[in-house]
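Open the model in a viewer with residue labels switched on. The stops below cover helix packing and then a pocket.

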Amino acid sequence: PFLEEFIFRGFLFRVFEQLAGPSVAVLMTAVLFASLHIPQLWGSWAGILLILGVGYILSALRRHSRSIIPPIIVHVTYNSMLFFTFALSTLVQETGGAV
């Protein structure tokens, strides 16, 4: 999340904002963020659309806060939630539901 946020909401956001304004910066960084994740999510349109939505929210947060700190916090929280949900799901499957 840290590297992605520095690239997308740090560097690229500023470039697009200077070239075409903040609304374009939000949209373009969200689309590029989702594009980066397409190989990982290939075959899951729902997953790709979810990541596009997450990217849009992170970019909008960057726009309104004028900082990359809030998107970093949200991104880390989002990834942590996914990780712990996956870990708990795996644990439940391995123990037959007796956690």
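Begin with α3 and α4, two helices that are roughly antiparallel to each other, because their crossing angle of roughly 150° is over the 145 degrees cut-off for that class. This is a predicted model. To display the pair, select residues 45–65 for helix α3 and residues 69–95 for helix α4; their axes come within 8 Å. Next, show side chains at the contact: L50, I51, V54, L58, L61, R62 and S65 on α3, facing P70, P71, V74, H75 and Y78 on α4. Coloured by class, this contact of α3 with α4 shows nine nonpolar, two polar and one charged residue.

Move to the N-terminal pair by selecting residues 2–20, helix α1, and residues 22–41, helix α2. Here too the axes come within 8 Å, and they cross at roughly 140°, which makes α1 oblique to α2. The crossing of α1 and α2 is right-handed. From α1, select E4, F8, R9, L12, F13, F16, E17 and A20. From α2, the residues to add include P22, V24, M28, L32, F33 and H37. The full contact of α1 with α2 has 13 nonpolar, two polar and three charged residues.

Last stop: how much space lies in the largest pocket? The volume is about 220 Å³. Select H37, Q40, I51, Y78 and L82, the closest to the pocket centre among its 13 lining residues. The elements α2, α3 and α4 each give two or more residues to this lining. By class, the lining has seven nonpolar, five polar and one charged residue.

Conventions
Residues are numbered from 1 along each chain as its sequence is written. This is a predicted model: local features need pLDDT of at least 70, side-chain atom pairs count only at pLDDT 80 or more; totals for chains, interfaces and linings use all residues. Side-chain values use heavy atoms; hydrogens and water are left out. Axes are lines fitted to C-alpha atoms, for helices over the stretch in contact, and angles run from 0 to 180 degrees between N-to-C directions. Helices (H or I, at least four residues) and strands (E, at least two) are DSSP runs, numbered from the N terminus. Angles under 35 degrees count as roughly parallel, over 145 as roughly antiparallel, 65 to 115 as roughly perpendicular and the rest as oblique. Contact means heavy atoms within 4.5 Å. Ala, Val, Leu, Ile, Met, Phe, Trp, Tyr, Cys and Pro count as nonpolar, Asp, Glu, Lys and Arg as charged, and the others, Gly among them, as polar. A crossing is left-handed if the near helix is turned anticlockwise from the far one by less than a right angle, and right-handed if clockwise. On a 1 Å grid over the protein atoms alone, a cavity is a set of points where a 1.4 Å probe fits but cannot get out, and a pocket is an open set with protein on both sides within 12 Å along at least five of seven lines; lining residues have an atom within 4 Å of a point. Grid points are joined across faces, edges and corners, and a volume is the space filled by probe spheres set on the points.
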